[in-house]
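Biologist: I should be grateful for a close look at a single part of this model, set against the whole. Please explain each term as it arises.

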Amino acid sequence: MPYLVRVLLFLLTLGTLRVVGCGDETAQWEPECQTHEDCDDQNECTADFCEGSCWNETIYCDDGNDCTYDECDPDTGCDNPAKPN
């Protein structure tokens, strides 16, 4: 019996098995998004994509040049201004 409980908990965490309560109209899982555009967070410092739900990953602006700062402005995106001598 404890084995069965562990299997059911595992299936719940994977989303394979869903518990539907009373009055729940839909038993099927519906994705949060359909396209990458659905996930646009209006932040130029993130890469926005859809994989059933939205993901907004931070963009790293490292240009590989030690003589510049690696910065990101949410409105304009990456900027790599020169460091003072």
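Modeller: pLDDT is the predictor's own confidence in each residue, on a scale from 0 to 100. Helices (H or I, at least four residues) and strands (E, at least two) are DSSP runs, numbered from the N terminus. The model is predicted, so local features need pLDDT of at least 70 and side-chain atom pairs count only at pLDDT 80 or more, whereas totals for chains, interfaces and linings use all residues. Residues are numbered from 1 along each chain as its sequence is written, and side-chain values use heavy atoms, with hydrogens and water left out.

The protein has one helix and four strands, in the order α-β-β-β-β from the N terminus. Its mean pLDDT is 80, and 65% of its residues reach 70 or more. Among the elements, helix α1 (residues 2-14) has the lowest mean pLDDT, 59, and strand β4 (residues 77-79) the highest, 96. Where pLDDT is low, the predicted coordinates should not be read in detail.

Of the 85 residues, 12% count as buried; buried means under 20% relative accessible area, exposed over 50%, and partly exposed in between (1.4 Å probe, protein chains only).

The part I have chosen for the close look is T68, in the loop between β2 (54-58) and β3 (71-73). T68 counts as buried because its relative accessibility is 11%. A contact means heavy atoms within 4.5 Å. Leaving aside residues up to four places away in sequence, T68 touches D63, N80, P81, A82 and K83.

Polar contacts add detail to this picture. Such a contact is a pair of N or O atoms within 3.5 Å; within protein, one must be able to donate a hydrogen and the other to accept it, and residues adjacent in sequence count only if both atoms are side-chain atoms. The side chain of T68 makes one with the side chain of D63, at 2.8 Å. A polar atom of the T68 side chain also lies 3.1 Å from the backbone oxygen of N65.

D48 may be set beside T68. This residue lies in strand β1 (residues 46-50). The D48 side chain makes polar contacts with the side chain of T46 at 2.9 Å and with that of N56 at 2.7 Å. Beyond four places in sequence, D48 touches H36, C39, D40, D41, W55 and N56. N56 is thus both a polar partner and one of the residues that D48 touches.
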